[in-house]
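Please read the following explanation alongside the sequence and the model. It goes through the structure step by step.

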Amino acid sequence: MTSHSPQACCFSGFRHEGTPKGHFETIANVRAYIASPKDQKPTHAVLLLSDVFGIYVNSQLLADDFAASGYLVVLPDLLDGDAMDIGAFEAGQIDIPAWLSKHGSDTVDPIIDRIINHIRTYLSISKIGGAGYCFGGKGRELSAFYVIRFLKASKLDAGYTAHPSFVTDEELERIGKPLSISAAEIDSIFTTELRHRSERILAETSQRWQINLFSGVTHGFAIRADLKVPQNKFAKEQAFLQSLGWFSSTLGQPDV
């Protein structure tokens, strides 16, 4: 396995400040937060796959940032209204294994598949990048290397993920499209050893790939770090720029 199973760091973090600018729609029978470029018809889309907290201010602000760079952004409710409540988690009221068992690939894969088909068929957008964070960056049992799982023909055209969890060797070996990863120096899930193992696996694929390592930050830094800490703020912003640069290079520059 190229990253360990989720641990406590996947379920903790800081709420960011800001007012989301997008709106909610139901598409393909899935509730989703939609962020669109201002005064233009987008030609490229980003499917944003969230962490365990689902659609909340942090993920909405990320969606808005992608939209400001020219992308139509769809942030679907992968958890079907059952997002993790940080207060309940910190109070010890969440049975994590039971919660995770309700949100495996058998329930999440169909949601992502329907959303991708909607974007391509009904919105007529042919270039789609997938951005996944932690749970959203995951693999087989959780929800994100849902980004990795869907890097194949007619699905996602390029993928970006930050501090992934629960990714298997086989999933990395089978990617059919380019992949970029932002990694934290301090990470008990995507450890140094597993990061190096991922590099070796990716080097054997025929796809373009990239791994950037950010010092002094921990798992979750790209979406829920304490931004009052300058090093965290820098790493979070640079990881986002990494995703933008990757999508621009692999998908082509969106019309802005």
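**A walk through the sheet**

Strand 2 (residues 30-35) and strand 4 run antiparallel and are joined by four bridges. Within strand 4, Val74 is the residue that stands opposite Ile34. The model in which this pairing appears is a predicted one.

Strand 4 is a useful place to start. Strand 4 covers residues 72-76, and five of its five residues are buried. The side chains of Leu72, Val74 and Pro76 point one way from the strand, while Val73 and Leu75 point the other way, and all are buried. Strand 4 also pairs with strand 3 (residues 44-49), this time in the parallel sense and over three bridges. Here Val74 in strand 4 stands opposite Leu47. Strand 3 and strand 4 are also parts of a right-handed β-α-β unit, together with helix 1 (residues 57-68).

Strands of a sheet can pair either parallel or antiparallel, through backbone hydrogen bonds. In this protein, eight strands form an open sheet with mixed pairing, in the order 1-2-4-3-5-6-7-8. Strand 1 (23-27) and strand 8 (209-218) stand at the edges; each has a single partner strand, so one side of each is left without a neighbour in the sheet. On average, neighbouring strands of this sheet are turned by 25° against each other, direction ignored.

The next step along the sheet is from strand 3 to strand 5. These two strands run parallel and are joined by six bridges, and the bridge partner of Ala45 in strand 5 is Ile128. Because six of its seven residues are buried, strand 5 is largely enclosed by the rest of the structure. On to strand 6, the pairing with strand 5 is parallel, with five bridges. In strand 6, Thr161 is the bridge partner of Gly132.

At the far end of the strand order are strand 7 (residues 179-186) and strand 8, which pair in the parallel sense over seven bridges. One pair of facing residues there is Ser182 and Asn212, the latter in strand 8.

What lies across these strands? Helix 7 (residues 192-203) lies across strand 7 and strand 8, and runs at about 170° to strand 8. Helix 9 (residues 230-251) lies across strand 3, strand 5 (127-133), strand 6 (158-162), strand 7 and strand 8. Helix 9, too, runs at about 170° to strand 8. In total, the protein has nine helices and eight strands.

Some residues in the loops deserve a look. Cys134 is placed in the loop between strand 5 and helix 5. With 1% relative accessibility, Cys134 counts as buried. Cys134 and Ala222 are 88 residues apart along the chain, and their C-alpha atoms are separated by 9.2 Å.

Ser154 is found in the loop between helix 5 (146-149) and strand 6. The phi of Ser154 is near 70°, which is a positive value in a residue other than glycine. After strand 6 comes another loop residue, His163, in the loop between strand 6 and helix 6 (169-173). His163 is not a glycine either, and has a positive phi of about 35°. Is His163 buried or exposed? His163 has 0% relative accessibility and therefore counts as buried.

Now for the protein as a whole. Of its 256 residues, 57% are buried. The protein exposes about 10,800 Å², of which carbon and sulfur atoms supply 49%. Among the contacts with a separation of 6 or more, 77% are between residues 24 or more positions apart.

Last comes the confidence of the prediction. The protein averages a pLDDT of 85, and 88% of the residues score at least 70. Over residues 1-16, pLDDT stays under 50, and the model has 77 contacts beyond four places in sequence for them. The pLDDT also stays under 50 over residues 136-144, for which the model has 60 contacts beyond four places in sequence. Where pLDDT is low, the predicted coordinates should not be read in detail.

Technical notes
Residues are numbered from 1 along each chain as its sequence is written. This is a predicted model: local features need pLDDT of at least 70, side-chain atom pairs count only at pLDDT 80 or more; totals for chains, interfaces and linings use all residues. Side-chain values use heavy atoms; hydrogens and water are left out. pLDDT is the predictor's confidence in each residue, from 0 to 100. Contact means heavy atoms within 4.5 Å. Buried means under 20% relative accessible area, exposed over 50%, partly exposed in between (1.4 Å probe, protein chains only). Accessible areas come from the Shrake-Rupley method with a 1.4 Å probe; for residues, only the protein chains shown count as cover. Two strands pair if DSSP finds at least two bridges between them. A crossover is right-handed if, with the strands pointing away from the viewer, the path from the first strand over the helix to the second runs clockwise. Axes are lines fitted to C-alpha atoms, for helices over the stretch in contact, and angles run from 0 to 180 degrees between N-to-C directions.
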